[in-house]
Amino acid sequence: MVATRNHPTNFPPPDLSQSKASATRARSAPTHQWIHTPKALTLLWLIVSLPLVIWDTGYVVLRPHSMPGGKWHQPFYTPYALYGTVDYVYGWPAYDSGDGFTMAQSGMNVFETIGYLGYLYIFWMHGEGQWALTKGQSRSIGGGWGGLACLLGFSLSILTFSKTMLYALNEHFSDYRNIGHNSFSRLVFLYIIPNGAWIVLPAYMIYAFGIDILQGLSMAGGDRVSTPARATKPNSTPSPATSASKRSTPTKDD
């Protein structure tokens, strides 16, 4: 008969540390991952504005050949014959006086355009999902590429907004030297409305990109209750771990 009461060594208890650690990680893992989904208005504005900015920069760089009477004025830069009489910054008065502001702001256009093209490249190459300018169609970017795209968009929107505001303020504090000769209607339709678009739309983009950045930082810090965190609309997708756990959870039908 085998005696078991006085067994010299008790069986060691099972090691549950690994399973406990896995359970702890599962409970503490974030339930959502941050993603950046560009607004349709942002993409539409970039599609429209970038060719115009490249065209505008070409006119400034190619002066005087792009100006009336120059060899490249027609047919590429014909509209500037009119605009140069509305805003002397683009006309002969600024060029003849050697005013460097026109070329300086066009130099900033170059960096701005390269940055926006980089943003669109990231959106196209690293985004996931279908995209169309219709409701319900979206293409999102997650992870580091999403963060880089959002940071680029936010920084460049501030650059565009600030540059255009500087353009307007420079005119105001120069006693409207370059546009003061226009009638009110001519000023509104040929100067304020066209240039105002480069203030209103970038301001909207600053807000849209800023909300996305605030969302990501709030989610990374686990903040859902502070006023800034609650002011943002959730923009996230379920994490792979959460999706897997949902798929493996038995249901009543099982």
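Helices are DSSP runs of H or I with at least four residues, numbered from the N terminus. The model here is predicted, so to speak of local features needs pLDDT of at least 70, side-chain atom pairs count only at pLDDT 80 or more, and totals for chains, interfaces and linings use all residues. Residues are numbered from 1 along each chain as its sequence is written, and side-chain values use heavy atoms, with hydrogens and water left out.

**Exercise 1.** Find the place of valine 48, and decide whether valine 48 is buried, exposed or partly exposed.

*Solution.* Start with the helix: valine 48 sits in α2. Next, recall the cut-offs: buried is under 20% relative accessible area, exposed is over 50%, and partly exposed is in between (1.4 Å probe, protein chains only). Valine 48 has 42% relative accessibility, so it counts as partly exposed.

**Exercise 2.** Do the same for threonine 42, then list what threonine 42 touches.

*Solution.* Threonine 42 also belongs to helix α2, which covers residues 40-61. Its relative accessible area is 2%, so threonine 42 is buried. Contact means heavy atoms within 4.5 Å. Setting aside residues up to four places away in sequence, threonine 42 touches Tyr204, Met205 and Phe209.

**Exercise 3.** Which residues does leucine 46 contact, leaving aside neighbours within four places in sequence?

*Solution.* Look beyond those neighbours, and you will find Pro51, Tyr116, Tyr119, Leu120 and Met205 in contact with leucine 46.

Note on methods. Helices (H or I, at least four residues) and strands (E, at least two) are DSSP runs, numbered from the N terminus.
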